[in-house]
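Dear colleague,

I am handing over the structure below, since you have not worked with it before. My notes on what was found in it follow.

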Amino acid sequence: MSRIDAWRAATETKMRSPKSWWRFAAPKEFFWLTGKLVPGFGWAAALLAVVGLYAAFFVAPSDFRQGEVYRVIYIHVPAAWMSMIIYLAMAFWGIVGLTLNTRVSFILAHALAPTGALWCFVALWTGALWGKPTWGTYWAWDARMTSQLLLMFLYLGYIALVHSIEDPRRADRAGAILAIVGSLNVPIIYFSVQWWNTLHQGASVSLTKAPSMATVMLVTMLIMTFAAWSYSIAVALARARTMVLLREAHTDWAQKAAAAMIAKREAE
Amino acid sequence: MSPRQKRLSLILLGLALLASAVALVLSAFRDNLVFFVTPSEIAQGKAQAGRYFRVGGLVEAGSIQRGPDGITVTFRITDTAHALPVVYRGALPDLFGENQGAVAEGVLRPDGVFEAKKVLAKHDETYMPPEASHAVDQAQRAAQSLKE
């Protein structure tokens, strides 16, 4: 047996083994696991957002030059980060789906899109509100802002494309290809401020250098970032669960799960 | 190769080809993607007089002068190698000031003065409380006086 065959055999055993993570690629197992995860991430998001917003308004000091208006970064920066990371995640699940033909991967990509679009909109909107008092303009066609606007259109295009194709398997594939191709825009957004002269300033926080921000401000921004992560995970997984149930509506387990959910809602 | 690996390599190959195509296009349009030109680029003759464009850099210290009518402002935008005189009539953004980044939008007059129709302040990526800024200033001044 060649090494590749051995690896494949091991992978397939893993997918069937009840103790392996691979089994969550099966819709039923995915539904069970995410049922446990969604409330946890939801509560984490609420808690982190309360702490983060309190710190953003009452703990973090004002900026030496911008005064109070800089506080928009506590929303703007996490939103912009999330909008980029979620698109990359969609491309990742697209690659996994096209490679392994796993339905749940495509569903995860679909479920992430509206949340990514929301963050993208929030980043553009808060950026415009900050830009007017700081730069003197709501909008400028510099490389950072233009590529971020392109990301907004990629999100909307993805959502429109997936919904315009009726056959779910064809919609999955078309969406995955758009997500993979569009993901090339994300490094352009990120590095635009280094590659070209832009009106938008460079990164205050990056992996390659010490942050050019006071520690209190940085910690507050990171709390808000974790809140945004938790919110996105909770919302996207909850959306994916509904999509899984709809797609698997012909199976026994999905009908039972849906009936249990309805019964629970009626009891409340 | 299994079908699975074949599919994965096809996707990755396609992505790599597309990424190089995008990289080539971006490097070809490199000069057109900049939001503003610098005073040095103007000194090299990169900008044509009479055409509408943007110039960016730092506002030279001590160069801001307000005209007698109260709304005309002249200042110099510098990239430390070259400086360009700018004249502007209108309200300036709050963050506009000496040694701060600024981007002016307008035309270069034949006499070498840039006539701005719009001035934007460019912010840098430093965020700190006023006390910290004060401390940094003092430390820099102390370092300066030690050198002298």
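At what angle do helix α3 and helix α4 of chain A pack, and how far apart are their axes? In this predicted model, helix α3 (residues 73-100) and helix α4 (residues 103-135) of chain A meet at an angle of about 160°, and their axes are 7 Å apart. Angles over 145 degrees count as roughly antiparallel, and α3(A) and α4(A) are therefore roughly antiparallel to each other. The crossing in which α3(A) passes α4(A) is left-handed, and the residues of their contact comprise 21 nonpolar, nine polar and no charged.

Turning to the interior, the largest nonpolar core has 61 residues, and those with the most contacts inside it are A:Met90, A:Leu108, A:Ala109, A:Leu112 and A:Ala179. At least two residues of this core come from each of α2, α3, α4, α5, α6, α7 and α8 of chain A, with α3(A) giving the largest share, 15 residues. Once its neighbours within four places in sequence are left aside, A:Ala179 is in contact with A:Met90, A:Ala91, A:Gly94, A:Ala109 and A:Tyr158. Another core, of 28 residues, lies apart from the largest one and includes A:Trp135, A:Ala140, B:Leu84 and B:Ala104.

As for the two chains, their contact takes 35 residues from chain A and 32 residues from chain B. On the side of chain B that touches chain A, the elements giving two or more residues are α1 (3-28), β6 (114-122) and α3 (130-147) of chain B, and α1(B) gives the most, with eight residues. The residues of that side of chain B divide into 21 nonpolar, five polar and six charged.

With best wishes

Methods. Residues are numbered from 1 along each chain as its sequence is written. Chains are lettered from A and ligands numbered from 1 in the order in which they are written. This is a predicted model: local features need pLDDT of at least 70, side-chain atom pairs count only at pLDDT 80 or more; totals for chains, interfaces and linings use all residues. Two residues are in contact if their C-beta atoms, placed from the backbone, lie within 7 Å. Helices (H or I, at least four residues) and strands (E, at least two) are DSSP runs, numbered from the N terminus. Ala, Val, Leu, Ile, Met, Phe, Trp, Tyr, Cys and Pro count as nonpolar, Asp, Glu, Lys and Arg as charged, and the others, Gly among them, as polar. Axes are lines fitted to C-alpha atoms, for helices over the stretch in contact, and angles run from 0 to 180 degrees between N-to-C directions. Angles under 35 degrees count as roughly parallel, over 145 as roughly antiparallel, 65 to 115 as roughly perpendicular and the rest as oblique. A crossing is left-handed if the near helix is turned anticlockwise from the far one by less than a right angle, and right-handed if clockwise. A nonpolar core is a set of buried Ala, Val, Leu, Ile, Met, Phe, Trp, Tyr and Cys residues joined through C-beta atoms within 7 Å. A residue is buried if 20 or more other C-beta atoms lie within 10 Å of its own, exposed if 12 or fewer, and partly exposed in between; C-beta atoms are placed from the backbone.
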